[in-house]
Amino acid sequence: MSRYPDDAPLSPEEEEVMRKVLARGLAKYRGIASPEFLALMNEVGEEGLRTHPLMRTLVRRIAAQKAPLVSGEVPKGGRGSDESGKEGAS
Amino acid sequence: MNAEGAAAPTVRQQTLVREALPVIERAAKDVARRFGHGTSPRELYAVGMFALYRVAAEFEDKVSHDFNDHAYRRARTAMREALRVETRHARRVRAAYDGADMFLAYLRDDTYNVLEHDEEESRRRLEESADALLAATFAALAAEQQRLDAEDPAAAEAEHRDAYEALAQAMQRIPAWAERLLRLLFFERQTLVEAAVTLSVSYATVRRHRDEALAFLRDELHKLGVDRVPPLRDGPANDGDDVWPYAEGGEP
């Protein structure tokens with residue numbers, strides 16, 4: 001059985017994704033909607049992103065992308081590959 | 001068919017209902033906590049059960065990814081509907097949740113594959129869904145506000161009067177150049193091109209000045225406690241005389 005609504009807490013990375021997506025969406029309403037409306041829309045939007053299966057999946061998928069540990073070009077074989085940095089060196 | 005003419009639940013519908021029972025219990029607790037004002041979850045659970053049977057009878061797989069999610073949202077809407085004695089603020093809160101739940105109850109995306117789609121595509125889809133969710137919420141809020149204003153014309157009238165008075169005050173506080181430009185644009189109804197000619201500045205300058213002048217005005221209005229445009233009122237079209245309350249003589 002599905003255990004919906006999923007109320008497991010979001011990770012800090014997932015919270016950050018959710019916060020940014022809502023801030024971006026709400027920016028369009030600033031100056032149009034009252035602060036009360038904006039606060040309500042944020043509250044309702046947050047709950048939707050936390051609990052809806054599709055929204056939650058998308059938030060998790062985006063947050064799962066780990067930031068690269070080092071900057072610079074990604075080698076052809078992928079970061080951490082034994083082949084990295086060797087290609088084209090001959 | 002039973003005595004009331006309704007078809008008896010099919011085995012599938014009974015299974016859906018049975019599996020959704022914990023979801024309805026959760027919805028009842030949530031609505032009682034947020035909107036109940038003393039109403040017990042048990043009373044709302046009964047409302048939710050009634051809604052659950054109706055939703056199960058209507059449900060098709062193409063409606064939603066997940067029956068339990070669909071039922072949860074439809075049941076919450078039914079429970080809030082049962083709690084109609086509310087303050088104006090509570091009515092706005094309920095409207096926001098109603099708009100969101102009715103949108104989310106039907107939100108699905110059959111083309112998304114978590115294994116195939118990358119972060120960028122996932123982000124695009126999330127932003128699209130979030131934007132639509134916020135739009136549905138805003139539309140529900142605006143509609144409820146219109147109903148509230150219609151029910152209380154005195155309050156709406158007072159809001160308009162306060163906003164006009166604040167506008168007149170704010171216009172006295174902004175720089176003279178900003179006041180003159182806004183007067184040209186919004187009272188004399190000049191276009192940006194015409195205002196540029198009147199003021200002997202370039203079009204780009206007058207456009208930039210308009211944005212700055214509006215920002216000044218907005219800040220002053222905020223300080224005076226006006227944080228939104230009063231809702232539009234029904235009635236005869238403006239003939240222009242009261243469009244600009246801060247006319248010559250300063251009488252709003």
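This dialogue goes through a chain contact, one buried residue and two helix pairs in a predicted model.

Reader: What should I know about the model before reading it?

Author: The model is predicted, so that local features need pLDDT of at least 70 and side-chain atom pairs count only at pLDDT 80 or more, while totals for chains, interfaces and linings use all residues. Residues are numbered from 1 along each chain as its sequence is written, and chains are lettered from A and ligands numbered from 1 in the order in which they are written.

Reader: How many residues does each chain bring to the contact?

Author: Two residues are in contact if their C-beta atoms, placed from the backbone, lie within 7 Å. Here chain A gives 30 residues and chain B gives 34 residues. On the side of chain A that touches chain B, α1 (12-27), α2 (35-51) and α3 (53-63) of chain A each supply at least two residues, where helices are DSSP runs (H or I, at least four residues) numbered from the N terminus. That side of chain A holds 20 nonpolar, eight polar and two charged residues; Ala, Val, Leu, Ile, Met, Phe, Trp, Tyr, Cys and Pro count as nonpolar, Asp, Glu, Lys and Arg as charged, and the others, Gly among them, as polar.

Reader: Is Ile62(A) buried or exposed?

Author: A residue is buried if 20 or more other C-beta atoms lie within 10 Å of its own, exposed if 12 or fewer, and partly exposed in between. Ile62(A), in helix α3 of chain A, is buried because it has 24 C-beta neighbours inside 10 Å. Leaving aside neighbours within four places in sequence, Ile62(A) is in contact with Val17(A) and, from chain B, with Glu119(B), Ser122(B), Arg123(B) and Leu126(B).

Reader: At what angle do α1(A) and α3(A) pack?

Author: Axes are lines fitted to C-alpha atoms over the stretch in contact, and angles run from 0 to 180 degrees between N-to-C directions. For α1(A) and α3(A) the angle is about 115°, with the axes 9 Å apart, and the two helices are therefore roughly perpendicular (65 to 115 degrees). Among the residues making this contact are Val17(A) and Met18(A) of α1(A) and Val59(A) and Ile62(A) of α3(A).

Reader: How are α2(B) and α3(B) oriented to each other?

Author: The axes of α2 (residues 41-58) and α3 (residues 67-82) of chain B come within 8 Å and cross at roughly 130°. These two helices are therefore oblique, the class left once angles under 35 degrees (roughly parallel), over 145 (roughly antiparallel) and 65 to 115 (roughly perpendicular) are set aside. Their contact includes Leu44(B) and Val47(B) of α2(B) and His70(B) and Ala71(B) of α3(B), and its residues divide into 10 nonpolar, two polar and one charged.
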